[in-house]
Amino acid sequence: MNYEVIICIVNAGYSELVMDAAKEVGARGGTVIHAKGTANKEAEQFFKITIQPDKEMVMILVPENIKDDVLHALYKSAGLKTEGQGIAFSMAVSNVVGLSSEPASPPESQN
């Protein structure tokens, strides 16, 4: 199965909203990292929004077949036109370990 990582950057305090929206369309979980934005006044004027410097970055690993559904849900619930003022994007993932529901086999002994 192929996977994508979705990264959503929102104003501080909106990561639960992001995860709730993602879970509604099939995501299982994510990781939140506290971050600080660096946008300037020109960006605020261009987008006609006030940019908070404190951010949360939510990383969600999803099967490729639900990526578009998750991105659409994030846009609706936490996009730039919401209080979360979020942006989201995805990147392909080449390898994944630790997602199998079966226990891992120990490596073969090299005796």
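Strand β1, spanning residues 3–11, is joined by nine bridges to strand β3, residues 54–63, and the two run antiparallel. This pairing belongs to a predicted model, in which four strands form an open sheet in the order β2-β3-β1-β4, with antiparallel pairing. Because β2 and β4 (87–93) stand at the edges with a single partner strand each, one side of each of them is left without a neighbour in the sheet. From one strand to the next, the twist averages 25°.

**Strand pairing and register**

- Within the pairing of β1 with β3, which comprises nine bridges, the residue standing opposite Leu-61 of β3 is Val-5.
- Strand β2, made up of residues 31–36, also runs antiparallel to β3, and six bridges join the two.
- Thr-31 stands opposite Met-59 in β3, while His-34 stands opposite Glu-56, likewise in β3.
- As general background, the strands of a sheet pair through backbone hydrogen bonds, in either a parallel or an antiparallel manner.

**Helices packed on the sheet**

- Helix α1, which covers residues 15–24, packs on the sheet and touches β1, β2 and β3, and its direction makes an angle of about 15° with that of β3.
- Helix α3, which covers residues 67–78, also packs on the sheet, where the strands it touches are β1, β3 and β4, and its direction makes about 5° with that of β1.
- Strands β1 and β3 are thus touched by helix α1 and also by helix α3, whereas the edge strand β2 is listed among the contacts of α1 and the edge strand β4 among those of α3.

How values were computed. Residues are numbered from 1 along each chain as its sequence is written. This is a predicted model: local features need pLDDT of at least 70, side-chain atom pairs count only at pLDDT 80 or more; totals for chains, interfaces and linings use all residues. Side-chain values use heavy atoms; hydrogens and water are left out. Two strands pair if DSSP finds at least two bridges between them. Axes are lines fitted to C-alpha atoms, for helices over the stretch in contact, and angles run from 0 to 180 degrees between N-to-C directions. Contact means heavy atoms within 4.5 Å.
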